[in-house]
Amino acid sequence: MKRKILLIGNPGIQGVNYTPAVFPVLQRYIDFFKSEVGGFWYDSEIVEVPQGCGPKSEVNWLNSQLIEFNSEIDYSIIVFVGHGGSYLGEDKVQLSKGEILPLSCLLAPQGFEGRLRRMVIVDACRSLIGGSREQLLLESRSFSGEGGLMGNYCRDYYDHIIEECQPHTELLQSTKYGEYASINPDHTGTAFSDALFDTLGSSVPTWNQKALDDRYGRLHKGIADILPTVQAGMSGYNQVPEFSKFGGSGDFPLYAVWRAVERRL
């Protein structure tokens with residue numbers, strides 16, 4: 001299976017809307033996805049926007065990546081962490097050089113809805129932008145538990161789950177339409193990322209143990225399985241994440257483990 005992850009971050013502008021948590025949060029995604037239980041992704045399968053891009057070259061690079069993702073990749077994950085908003089009823093995200101793109105650019109384009117398998121995670125505001133779209137610019141652990149997991153076995157199981165799903169797109173957004181996304185008080189993370197990775201960090205040891213109860217030592221969890229716990233972890237921020245699915249059936253794995261199980265004959 002050909003798979004790829006695209007990571008996009010926009011911390012904003014120093015002195016205006018700079019959010020230093022953006023790149024640490026993206027690193028947390030990398031650490032999780034590379035772990036045995038997060039899909040055991042290889043470095044070569046994870047791409048980030050090159051440093052030093054100008055506005056046009058950043059858009060051109062992103063466009064070339066999306067063309068490849070749409071036509072050549074069997075399963076893709078796109079993660080955006082940064083600034084966004086909603087204008088005229090459509091969610092937008094802002095690239096690091098100021099270009100504003102509709103969120104729909106990251107989803108399955110017309111004609112590909114029944115072909116792509118993709119998970120999109122967006123940690124950004126969806127607050128309403130009045131007047132003009134340029135106001136968007138001013139919008140203010142080890143997951144492997146005790147170790148001993150066979151990464152390639154977990155990766156094979158992860159791929160198997162994806163192949164069993166019908167082509168579709170899953171979209172997880174950190175907040176509801178028209179609402180702001182919050183950062184934590186010490187600016188080291190966001191309300192959403194903290195709740196997501198706290199949920200994974202506290203649940204993975206239990207899930208890893210529970211997998212041993214399965215005849216084949218396998219267990220997986222998708223976004224829908226953990227969303228209520230993530231939402232509860234964000235309650236202090238008055239922020240509610242939102243999950244949407246477009247297309248076929250099945251749930252892509254966020255967590256998947258395949259453990260060796262000793263059986264007596």
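These questions and answers walk through a predicted model, from its sheets to its empty spaces and a few single residues.

Reader: In what order do the six strands of the open sheet stand?
Author: Strands of a sheet pair through backbone hydrogen bonds, either parallel or antiparallel. In this sheet the pairing is mixed. The order of the six strands is β2-β1-β3-β7-β8-β10.

Reader: Which are the edge strands of that sheet?
Author: An edge strand pairs on one side only. Two strands fit that description, one at residues 46-48 and one at residues 242-247. They are β2 and β10.

Reader: What does the twist of this sheet average from one strand to the next?
Author: The sheet is open and has six strands. Going from one strand to the next, the average twist is 15°.

Reader: Which strands does helix α1 touch when it packs on the sheet?
Author: Helix α1 covers residues 22-34. Its direction makes about 155° with that of β3, which spans residues 75-81. The strands touched by α1 are β1, β2, β3 and β7.

Reader: Do β7 and β8 pair in the parallel or the antiparallel sense?
Author: Strand β7 holds residues 117-123, and strand β8 holds residues 168-173. Six bridges join them. M119 has E170 as its bridge partner, and V122 stands opposite Q173. The sense of the pairing is parallel.

Reader: In what sense do β8 and β10 pair?
Author: This pairing also has a count of six bridges. H168 stands opposite G247 in β10. The sense here is antiparallel.

Reader: Why is β8 largely enclosed by the rest of the structure?
Author: In a regular strand the side chains alternate between the two faces of the sheet. On one side of β8 sit H168, E170 and L172, and on the other T169, L171 and Q173. Both faces are covered. The strand is largely enclosed because its buried residues number six of the six.

Reader: What is the strand order of the three-stranded open sheet?
Author: The pairing in this sheet is antiparallel. Its edge strands, β4 (84-87) and β6 (100-102), each pair on one side only. Neighbouring strands are turned by 35° against each other on average, direction ignored. The order is β4-β5-β6.

Reader: Which residue of β6 stands opposite Q94?
Author: β5 and β6 pair in the antiparallel sense. Three bridges connect the two strands. Opposite Q94 stands I100.

Reader: How much space lies in the largest pocket?
Author: Rolling a probe the size of a water molecule over the atoms shows where empty space is left. The pocket is lined by 17 residues, and the closest to its centre are G9, F23, V49, Q51 and S96. β1 and α1 are the elements that give two or more residues to this lining. The space amounts to about 290 Å³.

Reader: How many residues of each class line the largest pocket?
Author: The lining residues fall into nonpolar, polar and charged classes. Charged residues number three and polar residues six. The nonpolar residues number eight.

Reader: Which strand gives the largest share of the lining of the largest cavity?
Author: The largest cavity has about 40 Å³ of space. Its lining includes G84, L103, V122 and Q173. By class, five lining residues are nonpolar, two polar and three charged. The largest share, three residues, comes from strand β5.

Reader: Where does F40 lie, and what is its phi?
Author: Most residues other than glycine have a negative phi, and most peptide bonds are trans. F40 has a positive phi although it is not a glycine. This residue lies in the loop between α1 and β2. The phi of F40 is about 50°.

Reader: Is N238 buried or exposed?
Author: N238 lies in the loop between α5 and β10. Phi of N238 is also positive, near 60°. Its relative accessible area is 74%, and the cut-off for exposed is over 50%. So N238 is exposed.

Reader: Does D194 count as buried or exposed?
Author: D194 is found in helix α4, residues 191-210. Leaving out residues up to four places away in sequence, D194 touches R28, N184 and G189. Its relative accessibility is 19%, and buried means under 20%. D194 therefore counts as buried.

Methods:
Residues are numbered from 1 along each chain as its sequence is written. This is a predicted model: local features need pLDDT of at least 70, side-chain atom pairs count only at pLDDT 80 or more; totals for chains, interfaces and linings use all residues. Side-chain values use heavy atoms; hydrogens and water are left out. Two strands pair if DSSP finds at least two bridges between them. Helices (H or I, at least four residues) and strands (E, at least two) are DSSP runs, numbered from the N terminus. Axes are lines fitted to C-alpha atoms, for helices over the stretch in contact, and angles run from 0 to 180 degrees between N-to-C directions. Contact means heavy atoms within 4.5 Å. Buried means under 20% relative accessible area, exposed over 50%, partly exposed in between (1.4 Å probe, protein chains only). On a 1 Å grid over the protein atoms alone, a cavity is a set of points where a 1.4 Å probe fits but cannot get out, and a pocket is an open set with protein on both sides within 12 Å along at least five of seven lines; lining residues have an atom within 4 Å of a point. Grid points are joined across faces, edges and corners, and a volume is the space filled by probe spheres set on the points. Ala, Val, Leu, Ile, Met, Phe, Trp, Tyr, Cys and Pro count as nonpolar, Asp, Glu, Lys and Arg as charged, and the others, Gly among them, as polar.
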